[in-house]
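These are my notebook entries on one structure. I set down what I looked up, entry by entry.

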Protein chains: 2
Amino acid sequence: MRGLRLFERASRSFHDYPLLSKFIVVCAVSGGGLLAYADANSSNGVHALAPPEEVSKKKKVVVLGTGWAGTSFLKKLNNPSYDVQVISPRNYFAFTPLLPSVTCGTVEARSIVEPVRNIVRKKNVDISFWEAECFKIDAENKKVYCRCNQNTNMNGKEEFVVDYDYLVIAMGARPNTFNTPGVMEYCNFLKEVEDAQKIRRTVIDNFEKASLPNLSDEERKRILHFVVVGGGPTGVEFAAELHDFVNEDLVKLYPAAKDFVKITLLEAADHILNMFDKRITGFAEEKFKRDGIDVKLGSMVVKVSDKEISTKVRGNGETTSIPYGMVVWSTGIGTRPVIRDFMKQIGQTNRRALATDEWLRVEGCNNVYALGDCATINQRKVMEDISAIFKKADKDNSGTLTVKEFQEVIDDICERYPQVELYLKNKKMRNIVDMLKEAKGDVAKESIELNINEFKTALSEVDSQMKNLPATAQVASQQGTYLANCFNRMEEAEKNPEGPLRFRGEGRHRFRPFRYKHLGQFAPLGGEQTAAQLPGDWVSIGHSSQWLWYSVYASKQVSWRTRALVVSDWTRRFIFGRDSSGI
Amino acid sequence: MRGLRLFERASRSFHDYPLLSKFIVVCAVSGGGLLAYADANSSNGVHALAPPEEVSKKKKVVVLGTGWAGTSFLKKLNNPSYDVQVISPRNYFAFTPLLPSVTCGTVEARSIVEPVRNIVRKKNVDISFWEAECFKIDAENKKVYCRCNQNTNMNGKEEFVVDYDYLVIAMGARPNTFNTPGVMEYCNFLKEVEDAQKIRRTVIDNFEKASLPNLSDEERKRILHFVVVGGGPTGVEFAAELHDFVNEDLVKLYPAAKDFVKITLLEAADHILNMFDKRITGFAEEKFKRDGIDVKLGSMVVKVSDKEISTKVRGNGETTSIPYGMVVWSTGIGTRPVIRDFMKQIGQTNRRALATDEWLRVEGCNNVYALGDCATINQRKVMEDISAIFKKADKDNSGTLTVKEFQEVIDDICERYPQVELYLKNKKMRNIVDMLKEAKGDVAKESIELNINEFKTALSEVDSQMKNLPATAQVASQQGTYLANCFNRMEEAEKNPEGPLRFRGEGRHRFRPFRYKHLGQFAPLGGEQTAAQLPGDWVSIGHSSQWLWYSVYASKQVSWRTRALVVSDWTRRFIFGRDSSGI
């Protein structure tokens with residue numbers, strides 16, 4: 001009895017003093033030999049629900065989606081003057097970079113999810129959550145139409161409409177099949193937690209199926225042939241995880257299956273991991289070769305049937321069909337239907353994602369923001385604004401620009417048009433004055449004067465440096481944080497604008513535009529080896545990067561609960577291996 | 001790098017020396033404050049696969065099912081002279097007493113399952129496993145017909161036939177709906193791991209649904225009305241778990257739902273937990289009343305529709321309909337179709353389960369054994385054999401039985417007919433001689449002599465003590481162990497029979513008949529309180545029994561992996577509460 005009371009009291013104090021539990025988990029984590037540093041936020045823990053009459057005055061913010069973008073927005077939002085409504089078909093946030101680990105049971109599905117209600121519970125902002133799918137956005141009337149996504153019997157009450165003052169679209173993307181026939185019917189994807197769970201079951205199922213008594217060897221080979229389409233980080237990591245699962249765990253339980261199992265990775269381009277440094281690509285291809293993973297480069301999938309996948313070899317156009325037991329399709333992202341409809345509505349057609357400006361505002365409508373995989377930033381070209389820039393900079397209206405005049409607007413230009421900085425960096429120029437000098441010829445510094453045409457020539461190459469941001473968790477998360485900070489400081493910024501000079505209008509922009517800061521990228525390659533590409537082209541491959549990977553992924557977890565669970569899953573895997581129960 | 005190597009080496013030594021890992025887990029477990037004692041078996045760890053020519057001489061044992069009975073049979077079997085084939089639609093063993101905990105996330109589904117292949121991997125017996133469903137038993141030709149239970153595309157090869165020399169049927173039972181209309185369509189059951197996972201999702205779904213904006217309060221009430229049908233240990237434990245889940249975890253995340261949620265427990269009899277002591281029943285009913293769980297006694301369910309459950313009150317026959325959000329049906333067990341077909345085949349009709357003798361041999365066929373929930377032991381009545389017993393005991397063929405003559409066969413009678421011992425115990429008689437004395441009237445000890453009719457009168461009441469064994473994990477597990485021990489000693493017992501005298505034949509029975517040893521039963525009632533009824537009518541209710549429950553359930557786990565996982569799940573629950581993500 002006393003023992004229980006003590007334990008109960010202890011556990012209650014965990015609830016009451018989250019810091020204590022954090023401390024203890026840190027001890028446990030470091031005890032496990034893992035460096036888990038935390039970027040936890042202090043929350044003041046107050047339920048500051050405003051009284052009803054005040055609620056009506058609050059601006060209504062509707063957030064669609066609880067992925068990386070939506071969740072980081074909600075985590076950072078701390079301005080109590082908003083009434084926030086979150087709508088998502090999933091009531092949790094999933095740490096998607098660990099999905100490939102879930103496919104083989106290295107990490108459990110439940111260890112990488114955290115309920116949204118838990119994330120927003122202790123905030124001082126009034127946030128309500130509805131588990132529903134938004135199926136229509138009406139930007140004209142500032143409404144979104146939603147539907148409960150469950151098997152309901154609610155007599156038509158499962159649909160509802162929500163008004164907004166600000167709309168934040170963070171619905172992510174769906175897998176891109178490139179309209180390849182059979183993909184939707186026969187392939188597994190790897191975007192949602194359910195996908196990963198289904199793949200895990202299918203792998204075990206196939207091993208059980210292949211063990212049944214009256215099959216031919218050919219049939220066993222087919223059932224145990226796992227095909228991964230797409231040599232991006234997800235596909236590569238899945239192939240590596242599966243290889244480890246098979247060779248570290250399954251061969252012990254299915255000794256006869258050893259001779260039949262095969263993993264094939266199909267990639268349409270010339271190399272796998274082609275967004276990474278060549279050293280990483282080379283290492284990965286070599287490692288997969290040693291591991292017996294068959295990497296087929298230049299292979300386009302043209303059709304998938306129930307037992308065969310047909311590929312066309314790029315170059316000679318030869319088509320071959322390979323029997324398979326399971327296909328995982330991970331070849332990039334496509335547009336969700338509701339986003340496509342919305343794009344039509346606002347005149348954005350023939351695009352993969354919603355176009356926004358650098359402040360993440362959707363082009364063509366007001367008070368609508370889009371971030372994460374469902375959006376791309378349409379960067380403003382310098383050449384579009386070149387006359388306005390010249391005019392603004394030419395304060396004395398002389399028709400020519402002196403270096404002094406120019407220097408006064410340099411910072412604003414660099415902030416407004418990030419491609420300028422990139423261009424300078426690539427050309428190894430110290431600053432923008434060098435660029436002007438080059439345009440004019442080598443003259444003494446202070447005496448350069450450019451007319452509008454010379455100015456145009458000087459900046460003509462700059463826009464070539466514009467790049468779309470990759471569709472990664474990192475980008476989405478930074479965008480969410482950025483937007484929340486904007487919302488937090490909306491009133492102040494209205495009074496004291498923080499952004500760069502408006503070249504085509506008066507005054508300054510309210511906020512600085514969004515700037516992505518690349519923190520590096522991992523590509524786990526199996527066998528406790530990971531390739532890491534960090535900023536400054538720093539490349540690291542091997543066991544040490546694997547430990548860096550463990551540390552970073554543990555530290556980036558959204559809650560202390562998931563952090564403890566993920567670390568304990570890793571430990572469990574080290575001790576007991578991965579589970580192969582077919583549940 | 002070095003750190004990794006060290007860790008890798010350490011983890012490898014866990015694999016190589018399982019005892020080391022056991023020791024470490026024990027440390028971890030006791031560090032967590034839990035007394036987890038182990039009944040682990042030492043296995044010699046040798047893969048003694050016999051060479052092919054010897055295999056053919058081995059007796060083929062086919063085991064159907066990997067539940068409690070089948071798994072404990074496989075665990076204890078250590079006679080390498082058998083070639084064992086295990087067939088089950090699930091490739092894992094599930095620790096079913098923890099299923100109610102899985103419904104609310106107190107314990108994770110994966111923590112209570114262990115792959116069968118892992119259980120049998122290191123045995124010295126040749127055991128193969130096939131994940132398939134047996135759909136026909138042909139006892140005449142000693143064959144079982146099986147079918148792969150997955151969504152296959154194997155061109156008809158998914159069916160196969162297996163020959164046997166001995167068949168062990170341990171397929172368990174299915175839920176019993178008593179043919180109540182609507183139960184199959186609308187109710188949740190709680191027999192399989194998938195059932196528990198589905199209930200967990202449904203509970204969360206219903207909380208999310210009830211939170212949607214445009215519902216009436218009445219509708220919210222309906223959605224959050226959870227009905228449990230059946231007041232047995234499973235139903236009661238589920239109701240208690242759900243109550244804890246709602247009040248400890250969900251109300252924090254769904255504060256508005258608090259006023260709408262309701263749990264109702266329907267029981268057709270006069271009391272819940274009616275197989276337990278009255279003190280426990282009373283305590284449970286009182287506790288549920290305090291907790292606000294509505295216990296409706298004497299309520300028979302007559303119909304279930306998509307939104308309403310109709311009950312008839314026993315006595316007045318009044319029918320009422322209650323709107324519900326989820327129903328969990330847990331009212332006892334029914335017969336699987338394949339067992340019913342088999343029963344027809346061997347002439348056992350109008351029974352719920354396969355009838356076996358006390359040696360678990362199915363009546364009406366040879367070399368077929370049945371155990372666990374799919375079987376009941378048809379105890380031999382003393383009165384059926386009374387003449388044979390008399391004849392055997394009357395060694396001098398005098399037509400009367402002296403006490404001396406009788407004493408020589410007393411032990412054999414007690415062993416062969418367990419009801420005799422029970423009868424004596426209930427009548428508070430010292431031994432069987434007292435019974436004879438009573439029949440004869442009080443005469444001096446040594447001079448009693450009974451003729452056949454007096455003997456019959458003396459034993460006439462004995463058979464009233466026969467009881468069927470309950471359909472519990474404990475019975476199934478003990479039966480599995482018993483049968484494995486018989487199989488292990490088959491050859492020796494053939495030469496030197498160990499069992500009681502054959503009263504209707506010559507010699508002795510090969511084995512002692514199966515005797516169930518009741519070790520007690522738990523009924524967790526929520527709020528860290530458990531009722532325990534232990535042998536000798538020892539009753540314990542409250543927090544201390546909860547700790548006993550933790551200890552026993554931790555110790556009874558089938559592997560060190562599941563033991564560690566279950567204990568870490570409990571710890572996780574104490575620290576972080578239960579997860580409410582809808583996956």
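**Entry 1: a positive patch.** I began with Lys198(B), which I located in helix H8 of chain B. The model is a predicted one. Is Lys198(B) buried, partly exposed or exposed? Its relative accessibility is 42%, so I recorded Lys198(B) as partly exposed. I then asked which residues join Lys198(B) in a positive surface patch. They are Arg201(B), Lys198(A) and Arg201(A). I noted that helix H8 (193-210) of chain A and helix H8 (193-210) of chain B each supply at least two residues of this patch.

**Entry 2: relation of the chains.** Next I looked up how chain B maps onto chain A. A rotation of 180° with 0.0 Å of shift along the axis superposes chain B on chain A, with an RMSD of 0.1 Å. This is therefore the relation of a two-fold axis. Which C-alpha of chain B is nearest the axis? I found that of Ser568(B), at 4.4 Å from the axis.

**Entry 3: salt bridges.** How many salt bridges does a search of the whole structure find? I recorded 68 over all chains. Side chains of opposite charge can pair when their charged atoms come close. I took three pairs for individual entries.

*Lys143(A) and Asp163(A).* The closest N and O atoms of this salt bridge are 2.8 Å apart. Lys143(A) belongs to strand S7 (residues 143-147) of chain A and Asp163(A) to strand S8 (residues 159-163) of chain A, so the pair ties together parts that are 20 residues apart in sequence. I noted Lys143(A) as partly exposed, because its relative accessibility is 26%. Asp163(A) is also partly exposed, with a relative accessible area of 35%.

*Arg110(B) and Asp579(A).* I found 2.9 Å between the closest N and O atoms of this salt bridge. Why does the pair join two chains? Arg110(B) lies in the loop between helix H5 (99-103) and strand S4 (113-115) of chain B, whereas Asp579(A) lies in the segment after helix H21 (560-576) of chain A, so the pair joins two chains. Arg110(B) has a relative accessibility of 11% and therefore counts as buried. Asp579(A) is buried with a relative accessible area of 4%. I also found both residues in a network of salt bridges. The other members are Glu108(A), Arg200(A), Asp569(A), Arg572(A), Glu114(B) and Arg561(B).

*Asp357(B) and Arg361(B).* This salt bridge has its closest N and O atoms 2.9 Å apart. I recorded Asp357(B) as buried at 16% relative accessibility, and Arg361(B) as partly exposed at 31%.

**Entry 4: helix H15 of chain A.** Which residues of helix H15 (residues 418-426) of chain A are buried? I listed Pro418(A), Gln419(A), Val420(A), Tyr423(A) and Leu424(A). An α-helix has 3.6 residues a turn, so residues three or four places apart point the same way. After H15(A) I noted Lys428(A), whose phi is positive, near 55°.

**Entry 5: Leu534(B).** My last look-up was Leu534(B), in strand S25 (residues 529-534) of chain B. Its relative accessibility is 17%, so Leu534(B) counts as buried, the cut-off for buried being under 20%. I also checked the C-alpha atoms of Leu534(B) and Leu519(B), which are separated by 6.3 Å, although the residues stand 15 residues apart along the chain.

Key
Residues numbered from 1 in each chain as written. Chains lettered and ligands numbered in written order. Predicted model: local features only at pLDDT ≥ 70, side-chain atom pairs only at ≥ 80, totals over all residues. Heavy atoms only, no water. Patch = residues over 30% accessible without salt bridge, like charges linked within 9 Å, V, L, I, M, F, W, Y side chains within 5 Å. Areas by Shrake-Rupley, 256 points an atom, 1.4 Å probe, with all protein chains shown as cover. Salt bridge = Lys/Arg side-chain N within 4 Å of Asp/Glu carboxyl O. Lys, Arg positive; Asp, Glu negative; His and termini not counted. Charge placed at Lys NZ, Arg CZ, Asp CG, Glu CD. Helix = DSSP H or I, 4+ residues; strand = E, 2+ residues; numbered from the N terminus. Buried < 20%, exposed > 50% of the residue type's maximum accessible area, 1.4 Å probe, protein only. Least-squares fit on C-alpha atoms with pLDDT ≥ 70 in both.
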